[in-house]
Amino acid sequence: SKTGKTATDDELVFYSEGRQYWPVFEPVLRALDEKGVGYLYVSSGADDPGLKHTGEKVHTRYVSPNLTPPYLNHLKAKVVVMTTPQLDVLTIRRSKKVNHYVHLVHAPTDFTTYRKFAFDHFDTVMCAGPHQVKSARYLEELRGYPPKQLLETGCTYYDGLVKTLEERRRQATPEPKPRPVVLVAPTWKPYGFLNRFGRQMVESLLAADRWDVIFRPHPQTAVSFPEVLEDMRRTFEGRAHFTLDTAPNGAASMDRADMMISELSGIVFDYAFTQGKPTLIFNGSPDLRGFEAEDFDCEMWEIAVRNQIGVEFGTEDIPGICALVEKTLQRSAGDLASFRDANVYNFGKAGPVAAQQVIEILDAVRKEGLK
């Protein structure tokens, strides 16, 4: 990290848990660089590409995970921006020397699937879409909290997805595909289809001998259920028309695929919004005890809209999965762009919007200090 600090260096601090969040921060930080705004980027991931991000007014610092709570809990800054929820609930507390905390949302899904009190103690939440604003207001009212600032920001990591997609499509020579490509991308949760009948599903798809199958497990699967992943690897690796994708970024597989089989998770929306292709969505019953969903008396946004972005299937449909895949491949995905634009703010250009919002917050905090 750069030294030679000036008085204003730590006025604005971004905190990241690690490399998986760099695509969320990068579009915001690059927009701030262009405007000549200085900041400190702190990460708990030694391999976070953000730690190599350089610029005239850019400072970076690695803090090991076990030292992160004491470091952040005594931080001195005017504004802190983070993707970590449950501020002042878990180990990261509000520092007395920080004026304003901002949560930068990193998924289009609703707040119902976050753990309890995820956003209660932030001053500002940068929301991805109108459903999140509605949910945040509902919880404030329910808990008797004063209204916080809720901003129409969007999903910043879509900026990068859209850009790389456009670049790849410009450079790529379209290869003739002898078979349609089916991307199987389950969540890692115990109630997901991977843990229950993932092997059976992939076996059926390969036995039909009509498609190329890409299996892309959620990165957390390797941590939470390594034996399930190992079983899939042992069973299918080396089989014709099967690919196991464990790359950090799933963009290349999403590009190749003609349809996706997944569950109610962010990747379904990423695929629908950037690719505009159809999805089969498993309607497993998520266990949401201890999550914000417990305090809502209405249907989760993801569940309410899933038929607008894909085709639902359940446990009873597993034996007939091939017929369902055939049918979904023939289905047009519908007008996903207008659905997307109604539900996600500033699609593909949220980074500069977020940067401008951060500058305005910082200016307001500075003015407060002068009173």
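Colleague: Happy to look at this with you! Asp88 lies in a loop, so between which two strands is that loop?

Modeller: Keep in mind that this is a predicted model. In it, Asp88 belongs to a loop rather than to a strand, and the elements on either side of that loop are S4 and S5.

Colleague: And is Asp88 buried, partly exposed or exposed?

Modeller: Its relative accessibility is 26%. Buried would need a value under 20% and exposed one over 50%. Asp88 therefore counts as partly exposed.

Colleague: What is the phi of Asp88 near?

Modeller: Most residues other than glycine have a negative phi. Asp88 has a positive value although it is not a glycine: its phi is near 70°.

Colleague: Let's turn to Asp209. Where does Asp209 lie, and what is its phi near?

Modeller: Asp209 sits in the loop that runs between helix H5 (193-208) and strand S9 (212-215). With a relative accessible area of 46%, Asp209 is partly exposed. Its phi is positive, again in a residue other than glycine, and is near 55°.

Colleague: Back to the loop between S4 and S5, please. Is Ser95 buried or exposed?

Modeller: Ser95 is in the loop between strand S4 (77-82) and strand S5 (98-104). Beyond four places in sequence, Ser95 touches Leu72, Asn73, His74, Leu75 and Tyr101. The relative accessibility of Ser95 is 4%, so Ser95 counts as buried.

Colleague: From which residue's backbone nitrogen does a polar atom of the Ser95 side chain lie 3.1 Å?

Modeller: Here the partner atom belongs to the backbone, and it is a nitrogen. At 3.1 Å from the polar atom of the Ser95 side chain, that nitrogen is the one of Lys97.

Colleague: Which side chain makes a polar contact with the side chain of Thr153?

Modeller: Thr153 lies in the loop between strand S7 (149-152) and helix H4 (157-171). Thr153 is buried, with a relative accessible area of 0%. Leaving out residues up to four places away in sequence, its neighbours include Met126, Cys127, Tyr345 and Gln357. The polar contact, at 2.7 Å, is with the side chain of Gln357.

Colleague: How far apart are the C-alpha atoms of Gln356 and Ala31?

Modeller: Gln356 is part of helix H13 (residues 350-370), and at 30% relative accessibility it counts as partly exposed. Along the chain, Gln356 and Ala31 are 325 residues apart. Their C-alpha atoms, however, are separated by 8.3 Å.

Colleague: What about Gly38: which residues is it in contact with, apart from neighbours within four places in sequence?

Modeller: Gly38 is found in the loop between helix H1 (22-34) and strand S2 (39-43). Its relative accessible area is 22%, so Gly38 is partly exposed. The C-alpha atom of Gly38 is separated by 5.7 Å from that of Val58, 20 residues apart along the chain. The contacts of Gly38 are with Leu12 and Lys57.

Colleague: Now the interior. Which residues of the largest nonpolar core touch the most other members?

Modeller: In soluble globular proteins, nonpolar side chains tend to be buried together. Here the largest nonpolar core holds 71 residues. Contacts of Phe14 include Phe25, Val28, Leu40, Val81 and Val358. The residues touching the most other members are Leu12, Phe14, Leu32 and Tyr158.

Colleague: How many residues are in the second, separate core?

Modeller: This core stands apart from the one just described, and its members include Phe193, Val213, Phe282 and Leu324. Its number of residues is 29.

Colleague: How many of the ten residues of helix H9 are buried?

Modeller: Helix H9 (residues 266-275) is mostly covered. Among the elements covering its buried residues are H4, helix H8 (251-256), H10 and H12. The buried residues include Val268, Phe269, Asp270 and Tyr271, and the count is eight.

Colleague: One last one: how do helices H10 and H12 run, roughly parallel or roughly antiparallel?

Modeller: Helix H10 (residues 301-309) and helix H12 (residues 336-343) pack at an angle of about 160°, with axes 11 Å apart. Angles over 145 degrees count as roughly antiparallel. Therefore H10 and H12 are roughly antiparallel.

Colleague: And how many nonpolar residues are in that contact?

Modeller: From H10, Trp301, Val305, Gln308 and Ile309 meet Leu336, Phe339 and Asn343 of H12. The contact has no charged residues and two polar ones, while the nonpolar residues number five.

Methods
Residues numbered from 1 in each chain as written. Predicted model: local features only at pLDDT ≥ 70, side-chain atom pairs only at ≥ 80, totals over all residues. Heavy atoms only, no water. Axes fitted to C-alpha atoms, helices over the stretch in contact; angles between N-to-C directions. Helix = DSSP H or I, 4+ residues; strand = E, 2+ residues; numbered from the N terminus. Parallel < 35°, antiparallel > 145°, perpendicular 65-115°, else oblique. Contact = heavy atoms within 4.5 Å. Nonpolar A, V, L, I, M, F, W, Y, C, P; charged D, E, K, R; others polar. Core = buried A, V, L, I, M, F, W, Y, C linked by side-chain atoms within 4.5 Å. Buried < 20%, exposed > 50% of the residue type's maximum accessible area, 1.4 Å probe, protein only. Polar contact = N/O pair within 3.5 Å; in protein donor to acceptor, adjacent residues only side chain to side chain.
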